[in-house]
Structures are given as structure tokens and as C-alpha cells.
Amino acid sequence: MERLWEIQQTINRNAGQRVMGEAADMNESFEHKAQQNIDMYDFLFEQSPNALWEEDRSEILTLLNDLPAEALANLPAYFIDQPKRLNPFITATKISRVNPAAQRLFECADKAAFISARIRGISEHARASFVAELDNIYKGSQNFESDTVVSLPTRNRLELNISYH
């Protein structure tokens, strides 16, 4: 790894115009600040009153790229005609973290139960929202917002707003 150095130079007029310098290893400072940012993010994620979860969707692009061109031309129509083709996309979304607020909202004791509840609770409305999100991902957009509904064992329905920017 390349090291970064901050060099400060001062002219000491009392010492006959000699240039004096001081060098500091900036990598240690950057690494320390990066760790502070990670720690702050972790704290905010865990303590947020809003339901938050992190998803790894790297497999989604591979699955999208494997679809025939006619499917990519109109993803919503493709998945309406062939709804079972959506299942691999649903299971390809990997949940990496879930905060306590999301576990409470989905009535889950842990991450494994959250993942199971998300997959089991996907209603037709949620599937349509997911297809719109896939279409959005395929088109390369970084923004998405959708209202959707999921089913839970102890409730008939849970209305959610899914968004990322």
C-alpha cells in the first residue's frame, strides 16, 4: 500500500532562513478516521428507530444479464407471463445485516428469521414492486421508491415504503 505523507515546512527566520520540516504519516490518520466513520455508521444503524437492513444484490445483475433480450425489453411483462422466473431473483438478494427495529417490525428474533419472513411474506403486490425495482436496477438508476405490502404470520398485512437514493 502506498503511504501518504503530510509535510509541513516552515522558515525559521532566526536561524538564517533555514527551512525546517516535519513529516507525518497520513495513512494512520485516514485509517483512524475511516474506523471512526464505520463505528458511527454501525451505531446509527443499530440504534435507528427505523427498520433498516442491508442487502447484497451482486447476483441480481448476473441473473438479469442471463435473461433473453426480449425479457429485458419489458421486465414487468416478462415476469407477469412467467412468474416462477422471479423466484431466483428473490432468493439471490442476500441480507447481510438487520437492525433491531426491522426485527421487531417483521416480528423476528434474529437475522435468519427475518430472511425467512421476507421471502415467505412476499405478496403479489410486493412481487410487482420487486419487479419494478429489478427494472430500475437493470436501467442503472440509483434511486428507487415504492409502496408495497407484505404478509406476516400475526398480521394480515404490513404496508412498507421501500426507498433508496
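## Salt bridges in a predicted model

Let's begin with one charged pair: Asp135 and Lys139 join their side chains in a salt bridge, with N and O 3.0 Å apart. The structure you see is a predicted model. Asp135 has 13% relative accessibility, so this residue counts as buried. Lys139, at 62% relative accessibility, counts as exposed.

What can make such side chains pair? Side chains of opposite charge can do this when their charged atoms come close.

How many salt bridges does the count come to? The count comes to six salt bridges. Here are three pairs, with the N to O distance for each.

| Acidic residue | Basic residue | N to O distance |
|---|---|---|
| Asp135 | Lys139 | 3.0 Å |
| Glu133 | Arg57 | 2.7 Å |
| Glu54 | Arg97 | 3.8 Å |

Now take Glu133 and Arg57, whose closest N and O atoms are 2.7 Å apart. This salt bridge links distant parts of the chain, since Glu133 sits in helix α8 (residues 124–138) while Arg57 belongs to the loop between β3 and α2, and 76 residues separate them. Are these two residues buried or exposed? Both Glu133 and Arg57 are buried.

Next comes the salt bridge of Glu54 with Arg97. Glu54 is part of strand β3 (residues 53–56) and Arg97 is part of strand β4 (residues 94–98), so their pairing ties together parts that lie 43 residues apart in sequence. With 21% relative accessibility, Glu54 counts as partly exposed; the cut-off for buried is under 20%.

Finally, which residues are joined into one network by salt bridges that share partners? They are Asp42, Glu46, Glu54 and Arg97.

Note on methods
Residues are numbered from 1 along each chain as its sequence is written. This is a predicted model: local features need pLDDT of at least 70, side-chain atom pairs count only at pLDDT 80 or more; totals for chains, interfaces and linings use all residues. Side-chain values use heavy atoms; hydrogens and water are left out. A salt bridge is a side-chain nitrogen of Lys or Arg within 4 Å of a carboxyl oxygen of Asp or Glu. Helices (H or I, at least four residues) and strands (E, at least two) are DSSP runs, numbered from the N terminus. Buried means under 20% relative accessible area, exposed over 50%, partly exposed in between (1.4 Å probe, protein chains only).
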